[in-house]
Amino acid sequence: MQKSFLTAWFYWLAIGTTCWQLIASPALAATKAAPPPRPNIVIILSDDMGYSDIGCFGGEINTPHLDALAAQGLRFTQFYNSARCCPTRASLLTGLHPHQTGVGHMMEDRGHDGYRGRLNRRCVTIAEALKPAGYRNYAVGKWHLTPGNNAKELADTSDWPLQRGFDRFYGTIHGAGSYWDPSSLVRDNRLITAFNDPEYQPPVYYYTDAISDHAVRFVHEHTRQHPQQPFFLYVAYTAAHWPMQAKESDIARYRGRYDAGFAAIREARWARQKRLGVVDARWQPAPIVGDWEKVKDRTFEARCMEVYAAMVDCMDQGIGRLLQALRDTGQWDHTLLFYLQDNGAWAENIGRGTNVTPSTTQPMYPPMTVDALQHGSIPRQTRDGWPVRQGYGVMPGGADTYVAYGREWANVSNTPFREYKHWTHEGGIATPLIVHWPTGIPASRRGRLEKQPGQLMDIMATCLDVAGVPYPSEYQGEKITPLEGVSLRPAFTGKTIRRQQPLVWEHESNRAIREGKWKLVAKENQPWELYDMEKDRTEMNNLAAQYPRRVQEMSAAWEAWAARANVLPLGTWRGKTATQTGTPAGSNKKRFELKPGDVLARAQAPAIAGQPFRITAQFEAKHGEEGVLLAQGGNTLGYALYLKEGQLHFTVRTQRGRVTTASVPAGPGSHSVVAILNSKGELSLTLDNLPPKTVQGQGLVTAMPVDGLEVGSDENGAVGHYTAPFRFTGKIPGVTLEILPP
Ligand SMILES: [Ca+2]
Ligand SMILES: [Ca+2]
């Protein structure tokens with residue numbers, strides 16, 4: 001089987017290569033065969049789903065397209081994510097542990113480099129890594145790797161997908177929102193709404209369909225416009241993250257399906273899982289959490305799960321359209337496709353409180369224009385003015401509802417495991433992984449289960465392996481943290497994955513480490529628990545007291561990893577801002593001696609947030625010579641010292657829309673200048689021996705700018721009133737910046 005597969009592959013390759021060479025250059029036809037074409041890569045990620053939800057892992061939800069992928073591909077039964085949306089995305093896209101990318105938690109800067117809330121520049125995305133090998137990169141769906149919860153955060157596009165290696169993007173920057181009217185919706189680099197986008201106006205807007213439609217569109221456009229190039233397509237669905245919202249036509253297929261309650265559904269899933277082999281019958285399933293007999297409103301609870309199932313079903317229908325697009329464009333055979341989930345099902349009590357929004361008989365708010373942006377996760381109103389209702393008993397599904405499905409159904413989704421999203425027990429971190437690759441997985445392996453464990457960062461390693469692309473040690477002038485993942489490719493042909501390190505997790509001080517069959521796991525501030533994952537993957541029988549030596553060794557290995565992988569300090573930053581934890585982003589140096597052409601990235605640039613500072617510079621300019629002497633930041637935050645039209649300007653931006661400039665005349669010749677932003681927020685500008693020009697500003701710069709520091713230009717966002725980069729055309733003998741005492 002193996003042999004005939006390889007023969008077919010080389011035969012196909014030889015034909016393909018020969019044809020191409022004849023077209024390209026007849027003289028080359030006689031040279032030896034070129035390397036195999038680089039495969040396309042598709043990663044499909046879903047949101048907040050449990051191990052047992054999709055059909056081929058035991059769910060009763062109708063997922064024929066995922067099931068077909070599993071039947072023709074491989075199912076990894078011991079694959080792991082990072083327990084939460086942001087850390088998972090960070091790890092998946094970079095091949096590093098989340099903390100190494102700056103996204104150890106969510107999207108806030110907590111004052112430590114492991115917890116900056118945005119992807120740093122010491123990592124590369126899969127898109128950035130594949131680009132030099134000729135890949136075109138497309139991202140669709142949820143980004144959630146940079147702040148995007150409000151207008152201020154969304155003004156900063158510096159870490160959006162197009163700035164992280166992708167050529168096209170359609171999706172949301174923020175993590176959660178209405179499916180009927182998502183907030184932070186973006187096409188490429190432009191903020192749009194579902195209703196003012198001339199490129200996409202379906203009869204009914206529903207985000208899951210919009211994601212599927214754009215994935216399909218990008219495959220077709222790529223094939224038409226870039227037929228010679230391979231592509232990487234990242235499809236990040238928000239299904240089935242709260243709120244429970246779905247199309248009635250999809251919900252209808254599940255009406256009544258959940259009336260039997262939590263235990264009946266969970267038991268049926270466990271039975272199917274055993275038949276499929278994705279669990280081990282020796283395990284004792286974790287306890288059932290919900291008691292259907294005690295449920296206050298069974299119609300409501302059943303409806304929650306009907307909508308959840310409809311959301312997953314709709315995603316699978318969209319995946320079906322994407323698969324058809326791959327077939328229709330001839331990309332199917334040489335596309336490596338992954339499907340996985342970003343964290344376990346969630347027990348969050350969103351929209352299920354006792355405080356129920358009253359229903360109204362008519363809209364309560366003025367309608368929103370098509371251009372008005374929805375902000376945050378939970379909109380106050382629908383676009384046509386209805387209040388968005390929450391509370392136990394609000395029947396979910398429509399745009400005017402915002403409800404989660406609750407802990408009891410999450411326990412069912414996570415069958416047979418315990419705990420949920422956030423925790424590093426199996427219910428938080430176990431995900432199905434389906435891998436499909438017609439020309440890369442031999443027929444003898446198709447439909448098989450792969451039981452070797454794996455973790456998110458292995459996906460990057462696998463992508464680079466199959467594409468034949470090296471992992472960069474440097475990218476855009478920054479040293480890149482070495483890759484943590486290992487390629488899963490050996491498993492495609494039934495071989496052993498060459499893993500040297502244990503699997504390791506940390507999220508919100510929940511922590512875990514797995515070596516072979518042993519897993520050591522603990523909740524925040526709780527003692528370590530030890531489990532034998534072969535006999536007891538449901539973590540029911542804690543062996544810590546029985547094997548104290550193993551606990552000691554594995555916990556020491558975890559500590560060493562935490563120290564090395566930017567995980568520390570453990571959780572002391574929770575609920576605090578960067579300023580409160582005392583280490584705002586940027587360099588801690590107090591004095592910077594600079595010369596023309598110097599560029600300091602954000603992490604190396606002066607930490608000017610909340611700090612007074614002094615700039616001392618010398619410059620020479622002939623008549624008509626002008627430009628930026630020194631700048632740090634962009635059009636939201638920062639400062640710039642620049643010469644324009646015979647005037648020397650010192651501009652400070654303390655926050656969005658708060659800008660102050662001090663200016664003095666400066667004729668041709670050699671000059672020295674001192675510019676100060678003092679602790680009272682005053683700007684002063686002194687040219688040569690003239691009296692200083694002082695202007696009352698608007699305080700200190702409130703946060704660390706995204707753009708770094710540059711001498712002689714201002715790239716990307718412009719701080720001053722000029723068009724970036726406004727390079728200085730005279731001479732700059734030297735510049736010094738000093739952080740002043742408060
Ligand atoms: Ca998630
Ligand atoms: Ca700039």
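A polar contact here is a pair of N or O atoms within 3.5 Å, where, within protein, one atom must be able to donate a hydrogen and the other to accept it. By that criterion, in this predicted model, zero residue pairs are in polar contact between domain 1 and domain 3, counting pairs with both residues at pLDDT 80 or more. The count of salt bridges between domain 1 and domain 3 is zero as well.

The domain assignment behind this comparison divides the chain into three parts. Domain 1 is made up of 2-242, 309-380 and 435-499, domain 2 covers 507-574, and domain 3 covers 591-739. Between domain 1 and domain 3, the C-alpha centres are 41 Å apart.

Domain 1 and domain 3 do touch: seven residues of domain 1 are in contact with six residues of domain 3. Together the two domains bury about 580 Å², with 52% of that area on carbon and sulfur atoms. On the domain 1 side, the most area is lost by Lys 152, Ala 155 and Glu 478, which together account for 51% of what that side buries. The residues of domain 1 that touch domain 3 comprise five charged, one polar and one nonpolar.

The calcium ion (ligand 2) is coordinated at 2.2 to 2.5 Å. Asp 707 and Asp 714 each donate through OD, while Gly 633, Glu 715 and Gly 717 each donate through O. Along the chain these donors follow the spacing G-x73-D-x6-D-E-x1-G. Gly 633 belongs to strand β21 (residues 627-633) and Asp 714 to the loop between β28 (709-711) and β29 (731-739), so this pair ties together parts that are 81 residues apart in sequence.

Definitions and conventions:
Residues are numbered from 1 along each chain as its sequence is written. Chains are lettered from A and ligands numbered from 1 in the order in which they are written. This is a predicted model: local features need pLDDT of at least 70, side-chain atom pairs count only at pLDDT 80 or more; totals for chains, interfaces and linings use all residues. Side-chain values use heavy atoms; hydrogens and water are left out. Domain bounds come from an automatic or database domain assignment. Contact means heavy atoms within 4.5 Å. Buried area is the accessible area (1.4 Å probe) that two parts lose on being put together, summed over both. A salt bridge is a side-chain nitrogen of Lys or Arg within 4 Å of a carboxyl oxygen of Asp or Glu. A polar contact is a pair of N or O atoms within 3.5 Å; within protein, one must be able to donate a hydrogen and the other to accept it, and residues adjacent in sequence count only if both atoms are side-chain atoms. Ala, Val, Leu, Ile, Met, Phe, Trp, Tyr, Cys and Pro count as nonpolar, Asp, Glu, Lys and Arg as charged, and the others, Gly among them, as polar. Donors are N, O and S atoms within 2.8 Å of the metal (3.2 Å for Na, K and Ca); water is not among the atoms, so sites may look incomplete. Helices (H or I, at least four residues) and strands (E, at least two) are DSSP runs, numbered from the N terminus.
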